[in-house]
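Please look through the structure below, going from single side-chain pairs to the interior, the surface and the overall fold.

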Amino acid sequence: MLNLFLLQSLNGIQFGILLFLVAAGLTLIFGVMDLINLAHGVLYMIGAYLTAAFAATTGSFAYGILIALPATLAIGIALEVLVFRRLYDRSHLDQVLATFGLILILNEAVKIIWGSAPLSVPMPEAFSGSIQLMGNLRYPTFRILIIGAGLATALGLYLMVNHTRLGMLLRAGATHGAMVSALGVNIRRLFMIVFGLGAMLAGFAGGMVAPILSVDPGMGDSILILTFVVIVIGGVGSVRGAFVAAILVGLVDTLGRSFGPMLLRNLLDPAAAAQMGRTLAPMLVYILMAAVLYLRPTGLFPMGGGTR
């Protein structure tokens, strides 16, 4: 039982890391630009498709994701210039409607280019095994790679936001955009950089998950819902809050699905426990969100529009 708990905890952390990579980009976009982007999950899907396509072309997953990252960055910048730049001064309702329409367009574009059938990305041979952690507990090497890459990305974001000139401009632009612009900073270019960075983070998450999940149209829709849950729990605009909340959501979701039915067997017969467990497990993250908002209505790390 202990080994199962440790294994599922690592799975929860790995899932939380993926949620953070998507949520971090969306947090930057919303915190700096005050833009509600429902199409952010589509960028996660595009990153997965580009990684699959480039990995198939080059024969290497590493080359595939290295090429997919700048490609996703370019797509994000193109979308910012062509679409999102026209939404900054519009109401949040207009932003929701426009980005929802973009979801439909990009999902159909993916089906036209790659078809509706799911794609698979071969597991990199160097990371296809497992590592012995303790006793007889082994964990897949590639999932450890995902956790390590996510933690490195989180550290890089922290250093960028808090210890670089770009981070200083991001923090200032999030709270005093007009003043930053008056000081000679090209706020449009800053917004373009932020949006491109957010798109690349989402694409990176999609690319990293491609070898362990099927790549299919609409795969970004389900993760987008959990991403918004993460942002609300962590505090809108807070990268630190997004990281903590993503780990919490990943653990609650994974452990709840694994151990919920087991705990219910102590109260109900096995069939009823399994049925109720499947019903209640997806609700746990929303119960967590409700509890956090009850205790802290602005989230765990409210930043008041900042991006720390």
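Asp94 is partly exposed in this predicted model, its relative accessible area being 27%, and its side chain meets that of Arg90 in a salt bridge with an N to O distance of 3.3 Å. Arg90 likewise counts as partly exposed, at 46% relative accessibility, so both partners of this pair fall between the 20% that bounds buried residues and the 50% above which a residue is exposed. The pair is one of four salt bridges that the structure holds.

Another of these bridges joins Lys111 and Glu108, whose side chains meet at 3.6 Å, N to O. Both residues belong to helix α4, which covers residues 92-114, and because they are three residues apart there, about one helical turn separates them. Lys111 has a relative accessible area of 34% and is partly exposed, and Glu108, with 42%, is partly exposed as well.

A salt bridge is also found between the side chains of Asp253 and Arg257, with 3.1 Å from N to O. These two residues lie four residues apart in helix α10 (residues 239-264), which corresponds to about one turn of the helix. Here the partners fall into separate classes of accessibility: Asp253, at 7%, counts as buried, whereas Arg257, at 45%, counts as partly exposed. Since buried means under 20% relative accessible area, the value of 7% places Asp253 in that class.

Helix α10 leads on to the interior, for its residue range, 239-264, takes in Val249, which is named with Phe20, Met33 and Leu157 as touching the most other members of the largest nonpolar core, a set of 80 residues. The element that gives the most to this core is helix α8 (residues 187-209), with 13 residues. When the neighbours within four places in sequence are left aside, Val249 is in contact with Leu19, Leu226, Val229, Val230, Ile233, Val285 and Leu288.

On the surface, Leu267, Leu268, Met276, Leu280, Met283 and Ile287 make a nonpolar patch of about 550 Å². Leu267, one of its members, lies in the loop between α10 and α11, the latter helix covering residues 270-280. The relative accessible area of Leu267 is 72%, and because exposed means over 50%, this leucine counts as exposed.

What order do the elements of the protein follow from the N terminus on? They run α-α-α-α-β-β-α-α-α-α-α-α-α-α, and in total the protein has 12 helices and two strands. Among contacts between residues at least 6 apart in sequence, 78% join residues at least 24 apart.

The overall dimensions complete the description. Along its principal axes the C-alpha trace spans about 65 × 50 × 35 Å, and the radius of gyration of the protein is 20 Å, which agrees with the value near 19 Å that a compact globule of 308 residues would have. Of these 308 residues, 47% count as buried. The protein exposes about 14400 Å², and carbon and sulfur atoms supply 69% of that area.

How values were computed. Residues are numbered from 1 along each chain as its sequence is written. This is a predicted model: local features need pLDDT of at least 70, side-chain atom pairs count only at pLDDT 80 or more; totals for chains, interfaces and linings use all residues. Side-chain values use heavy atoms; hydrogens and water are left out. Buried means under 20% relative accessible area, exposed over 50%, partly exposed in between (1.4 Å probe, protein chains only). A nonpolar core is a set of buried Ala, Val, Leu, Ile, Met, Phe, Trp, Tyr and Cys residues joined through side-chain atoms within 4.5 Å. Contact means heavy atoms within 4.5 Å. Patches are made of residues with over 30% relative accessible area and no salt bridge: like charges are joined within 9 Å, nonpolar side chains (Val, Leu, Ile, Met, Phe, Trp, Tyr) within 5 Å. Accessible areas come from the Shrake-Rupley method with a 1.4 Å probe; for residues, only the protein chains shown count as cover. The radius of gyration is taken over C-alpha atoms; the globule rule is 2.2 Å times the number of residues to the power 0.38.
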